[in-house]
Amino acid sequence: MAVDPFTFEIIRHRLDSINDEAAITLRQVSGSPVAVEANDLNTAITMADGTVVACGHYVLCQLASMNLVAADIMREYPDSPGFGPGDQFLTNDPYVGTLHQPDVVVVAPVFVDGRLVAWCGSSVHQFDVGGPAAGGMTFDAGSIFDEPTPLPPIRIVAGDRVQRDVERDFLRRSRTPRLNELDLRGQIAANRATSAAIQALCARYGADALVEVMAGLVTATEQQLRARLRELPDGRWRHVSYLERGAPQPDASDIYAVRLTMTKRGESLELDFSDSSPQAPGAINAAYPALVNFAVAALLIYLCGDLPWVPGAIMRVCRIRSQEGTIAHARWPAGVAMSTSSSCQAIRVCVNVCLGRMLEGSPVLSAHAMASCCSSGGGGGVFAGITAAGEAFAAMTLDELTGGGGATGSHDGIGSSGTTTSPGAACADVEVNESYLPLLYLRRAEVPNSGGPGRFRGGLGGLNIIRPHGIGSPVSILSFAQGLQHPAASGLAGGEPGRQSIYLVTDVPAALGMADGSPGPGTPVDWSLPSRDSAMRAGQAHIAVSQGGGGYGDPLTRDPQSVAADVSAGSVTPERAELDYGVALAEGAGGQWTADIDGTESLRQRLRRERLGGRRPAGQRAGPDPRTRPFSLAFRIDDEGTTSCARCGAVLAEGGQDAFARLVVRDAPVSSVAPWSAAYPGSTRFVIRRLYCPACAAQVDVQVARRGDPLLRTAEPLG
């Protein structure tokens, strides 16, 4: 049958509404803090073959791979046990289709008059799903057998009746069975509501109409995405995102790299992660479904923000290449329980930055380019212990979502906005966390200077200070923190990365002193990395800072009065205004600051000369060469393969040669930009690498690199 355009739009929007209502049902039935306060969940509707056509706006990276779960059930269980109306299947197997073991997925086939027309499902991060460590994650796992045992899809509901034996088996694994049961019942209720709503939709418009609309939605979105890609320059972009596991080793075997080479030709896009580091023994690896989830979620956010969010359409246009046995595509039985706070964040940063570099080259679409938001900050982790009443507790607070957002070519990043691929997720109010955990928050605030400097500044990262409350026993801390030894939230177009995370356990007065700017004269700071034995005791506090977002554009081009306003607001200190932005300030009444325009111009000229080793820099060109076209904010290219500086017009490469080989490169220690000059073990192995035009000293790129590594060619035009 042919569905008319009006009916098509009615059914399309109704599917989105049904899916949103499922998330509301889940939250209302569950009531658990993770579901209700943090929104660490999502819902989805797929076609009969598993192609995802509708996804919620909560944690996008949880459900892009729902098709893999549905496909597994259809492939493995066609007859035994089979699947039919009223059935639902539970899984937390990251090698089948979930992110990691704590993210529990429940899916249901939707039948209309005996015909399979769709699948629906949801995912919720559950407090504890078993395993040797509280919270379902083991810091130093040697394989997945040191983590919670993953459960392949198993029928939890048969003919609309909950299978009590299966439910008991699943809940028996957990230290928090009552909370897990609430989440599970919420997921089952959400699927029932979705199935009933889809059946009612078919009763009104017909099952054939539903199937046609879902297929048409995927096709139409695919066409829109291909049209968008045709508007963008052909090229190849690269990014490397580092992460660490355990204490620094002499052979650097604790360092892992997610490496992405993104190639765009015509209307096709390829993401190639094959050169990523070999997989780790455990914990921080990503299984293939997690790679797909985070890559597709990043594509939805950064490339398809104003297009329909149809993950199934992206999979038709974008090819994801990887090598099994790497940190980004682990081979069984590698441990993966901490993937969402480590390798997955690195995957998202890589996709984010490469897409941003590609979008910079389009006069029409450059507004979509955005620097990286925070990665896994110091606030991420699981607190566990024994309450004064003798009851065990284990909970994830999601304070890491107080990290900053990335800047764009027209706006500063948003402070404390969390990760972009979880647009509906949030950290809970401190009062909520205090109501069910024996913890007391002493401070939650934004950290000055934590946003990456740029023409537009990255959003500020968040600070949380927590101490035990009402208990005498220690509180263990399983920290997710990455970006301690180096920045992890990359800038764009010459913008600086957001500043590092902080993880620290110290006495309460020192913690409050640091929050106010300094731990106090003579107060030693123990910059130890998190370990499996990390804990805080009575009189101690846990300080956690999540990174700020990356900046956009050369910081020396930021409006001086905007910098003065930042200083007046406490977002930037006067010292960093001069060092990072080259702005001379004058303090007025009431703590308000203004920019000294003449002094700023003189200071910026001096800083540009320093970039070139004392040479006088060239001035800015009056206008672009009409024979060239933009490839990025920093580079312009012509039909002969010549690359020139977009600011001054200086020729950097000819005949398709590497323009990066001509740039001036300056390395600086990462501690030079860290909050409180934090110097964690292993941090000296990394540098902030700034790249300047050799003629005008424009800052065209900033890379976080291992000391001594070759320069990365992050952007390459293709003829």
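Colleague: Where is S339 placed?

Modeller: In this predicted model, S339 sits in the loop between β11 (318–321) and α9 (343–360).

Colleague: Why is S339 called buried?

Modeller: The limit for a buried residue is under 20% relative accessible area. S339 has 0% relative accessibility, so it counts as buried.

Colleague: Which residues does S339 touch, not counting those up to four places away in sequence?

Modeller: S339 touches L99, H100, A283, I284, N285, A286, C344 and Q345. Each of these has heavy atoms within 4.5 Å of S339, the limit for a contact.

Colleague: What is notable about the peptide bond between W332 and P333, and where is P333 found?

Modeller: The bond is cis, with omega about 10°. P333 belongs to the loop between β11 and α9. A cis bond also joins S80 and P81, with omega about 5°; P81 is in the loop between α3 (66–76) and β3 (88–91).

Colleague: How do you know that the length of helix α7 agrees with what is expected of it?

Modeller: Helix α7 covers residues 288–302, which is 15 residues. The expected span is 1.5 Å times one less than the number of residues, which gives 21 Å for α7. The end C-alpha atoms are 21 Å apart, so the two values agree.

Colleague: What makes α7 largely enclosed by the rest of the structure?

Modeller: Of its 15 residues, 14 are buried, and α7 is therefore described as largely enclosed.

Colleague: Which strands make up the open sheet that contains β12, and what makes two of them edge strands?

Modeller: The sheet has four strands in the order β13-β12-β16-β18, with antiparallel pairing. The strands β13 (392–396) and β18 (535–536) each pair on one side only, and they are the edge strands.

Colleague: How do you know that β16 and β18 pair?

Modeller: At least two bridges are required for a pair. Strand β16 (residues 475–479) and β18 are joined by two bridges in the antiparallel sense, so the requirement is met. In one of these strands, β18, M536 is the bridge partner of V475.

Colleague: How many bridges join β12 to β13, and what lies between these strands?

Modeller: Five bridges join strand β12 (residues 381–386) to β13, and the strands run antiparallel. F383 faces A395 of β13. The two strands form a hairpin with five residues between them, and G390 in the turn has a positive phi of about 85°. Four of the five residues of β13 are buried, so this strand is largely enclosed by the rest of the structure.

Colleague: Why is Y436 called partly exposed?

Modeller: Partly exposed covers the range between the buried limit, under 20%, and the exposed limit, over 50%. Y436 has 26% relative accessibility, so it counts as partly exposed. Y436 belongs to helix α10 (residues 430–436). Apart from neighbours within four places in sequence, Y436 contacts P33, F127, A395 and M396.

Colleague: Is N19 buried or exposed, and which residues does it contact?

Modeller: N19 has a relative accessible area of 1% and is therefore buried. N19 is located in helix α1 (residues 5–30). Beyond four places in sequence, N19 is in contact with T43, A44, I45, A54, C55 and G56.

Colleague: How do you know that β1 and β2 pair?

Modeller: Strand β1 (residues 41–47) and strand β2 (residues 52–55) share three bridges in the antiparallel sense, and at least two are needed. A44 has C55 of β2 as its bridge partner. A hairpin is formed by β1 and β2 with four residues between them, and G50 in the turn has a positive phi of about 100°.

Colleague: What is notable about phi of A697, and is A697 buried or exposed?

Modeller: Phi of A697 is near 70°, a positive value in a residue other than glycine. With 0% relative accessibility, A697 counts as buried. A697 lies in the loop between β27 (686–692) and β28 (699–706).

Colleague: How many residues line the largest pocket, and how do they divide?

Modeller: The largest pocket holds about 600 Å³ of space. It is lined by 28 residues, with R455, Q620, L633, A646 and R647 closest to its centre. The lining comprises 13 nonpolar, eight polar and seven charged residues.

How values were computed: Residues are numbered from 1 along each chain as its sequence is written. This is a predicted model: local features need pLDDT of at least 70, side-chain atom pairs count only at pLDDT 80 or more; totals for chains, interfaces and linings use all residues. Side-chain values use heavy atoms; hydrogens and water are left out. Buried means under 20% relative accessible area, exposed over 50%, partly exposed in between (1.4 Å probe, protein chains only). On a 1 Å grid over the protein atoms alone, a cavity is a set of points where a 1.4 Å probe fits but cannot get out, and a pocket is an open set with protein on both sides within 12 Å along at least five of seven lines; lining residues have an atom within 4 Å of a point. Grid points are joined across faces, edges and corners, and a volume is the space filled by probe spheres set on the points. Ala, Val, Leu, Ile, Met, Phe, Trp, Tyr, Cys and Pro count as nonpolar, Asp, Glu, Lys and Arg as charged, and the others, Gly among them, as polar.
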